[in-house]
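Please open the structure in your viewer and keep the selection panel at hand for the stops that follow.

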Amino acid sequence: MAQRVLDDLAARFGDAVQTRSEHGDEIVVVSRDRLVDVATYLRDAPDLAFDAPVFATVIDWLGQGKEPRFEAVWGLRSSQHYHRIQIRVPLDEDDLRVPSLSGLWKGFGWPEREAFDMYGVRYDGHGDLRRILLYEEFVGHPLRKDYPKEKRQPLVRRDGANE
Amino acid sequence: MSTVQTYVLGQKNAADLDAEQELPAELMTINMGPSHPAMHGTIRMVLQIDGERVVDADVQPGYLHRCFEKESEYATYTQIFPYTDRLNYVSPMLNNVGFALAVEKLLGIETPERCQYIRVIIGEMSRITDHLTCIGASAMEVGAFTAFLYLLKAREWFYELLEELSGARLTHSYVRIGGVARDLTADFDPKLRDLLNRTEGVLAEVETLLTNNRIFRQRMEGVSVVSRDDAIAWGFTGPLGRASGLDYDVRKDYPYLVYDRVEFDVPVGEHGDCFDRYLVRMEEMRQSIRILRQCLDQIRPGPICVDDLRVTLPDKSEVYNTIEAMIAHFKLIVDGIRVPPGQTYSFTEGGNGELGFFVIADGTGRPYKVHVRSPCFIALQALPSMIRGALISDIIPTFGMINMIGGECDR
């Protein structure tokens, strides 16, 4: 069932997408500039109809010998056809921007904010991209691999009085 | 000498007051929470209100800083179980099971049949405690304190039995990768059956207290209606999605463990309001009781863990007497279970809906990344749109029925 989705995508978008399956998960890797096209197609094509957002996160591949370092992930589900897919976009460390999918699925609003908070990926066009679990003054992004686990930060005041 | 008028109105006289009767046009900003009696945990809402009416809301889930995802990267797969307990602390067993299934998927192992039944049993017991807490707390927040006490009484029975089984009242950490920590206690079966009968009595009692209670209904009915399409677009799952008419239950649509061998119905609401969310949860508890009875009838004696030294700790008598078992024991404790490189998104039906674990393994005994898809975090983001235009008092049942769990919203 879901393999058909991947074949459909490969036929339609050609080299712009790479598809694979891993442990029962269907994954489509797409470049940043084609993300919105692919996502819109996934949502609107009646055979695919991925109407429900599932989760969004970012993978930090630091130290795993992978290029580029980051990968943004979105999980989707179809409430009609019961199939699932993951969209992934590789992201360069120097240019951590990616189009937001919260305009297509409003349920990605908070997950993308959380990914921004934890990994520092900027979702263009999000509309309300603020930190969500940490306070505004927090420095750095704690779920990155190079953020030390033992590091502590006192609440830094906006005026820098206790820096 | 002061007149009665100045006593009542202070320095003002009646004519001045009439001029001030016109309410100010600008909106008022108020903070609701954190630690507001009706806001569980660290959540805060910044409300823009026009009189009693909510014009806009900014919901801030707050932070507990338990750091589940970061800590998981530094812990062996076995050590993560106590962390999963604390994700949703009213249904820890469901989180235990969800995480174990994710890692087992990466390992490519299937647990023995008896273990699968045990996991379904403890999972459904946890689902009942989850719903009992949710309905109890929400009923209390709209003023029905008796119902709260009745429901918590039943929850206590379940906690007692789960404590007997796992040794801990709230943070059970009972599931292991490849199995469960220990077999069911000798008198588990009769105790659970007795418990289910008594719980059915409690549910009937609460039903008479709440379902046709005029105050309860008026606080719940027609409040924060979410349509089916909106529920899908927000990513609602579980009781919240089902109350909006979204017929989706992981146990039915993507069966795991032995859910395909038991019969149960998935209740679906029509209106998508708070009252339907309450009704769906009540019915789900009855269905869970039904599943539990079938599991007790079907479960057979057998092993509770996979027989694989790479995953399961060997028997203590062997550890003390054979070198192979001792090496295996050391390897599992010091290095952890070595999971082959790979990644998976594994999901189960948690108390609040689809509970997903996105796990990446790099071949060592510790995961490279763990991301948890927590159902109430996803649902909570719809809260501003659910309460926009409602009264302040409507926030209480709406928030209660989302069943926000601080631990689950945290990372």
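**A tour by selection**

Begin with helix H18 (residues 392-402) of chain B, which is mostly covered, ten of its eleven residues being buried (under 20% relative accessible area with a 1.4 Å probe, protein chains only; over 50% is exposed and in between is partly exposed). Helices here are DSSP runs of H or I with at least four residues, numbered from the N terminus. This is a predicted model, in which local features need pLDDT of at least 70, side-chain atom pairs count only at pLDDT 80 or more, and totals for chains, interfaces and linings use all residues. Residues are numbered from 1 along each chain as its sequence is written, chains are lettered from A and ligands numbered from 1 in the order in which they are written, and side-chain values use heavy atoms, with hydrogens and water left out.

Just after H18(B), select Asn403(B), which takes a positive phi of about 60°.

Move next to helix H13 (residues 274-298) of chain B; 18 of the 25 residues of H13(B) are buried, so the helix is largely enclosed by the rest of the structure.

For the aromatic pairs (ring centres of Phe, Tyr and the six-membered ring of Trp within 6.5 Å; planes under 30 degrees apart are stacked, over 60 edge-to-face, the rest tilted), the count comes to 22 over all chains. Select Trp110(A) and Phe377(B), a tilted pair at 5.4 Å centre to centre with 50° between the planes; this pair crosses between chains, from helix H3 of chain A to helix H16 of chain B. Both Trp110(A) and Phe377(B) are buried.

Key: Helices (H or I, at least four residues) and strands (E, at least two) are DSSP runs, numbered from the N terminus.
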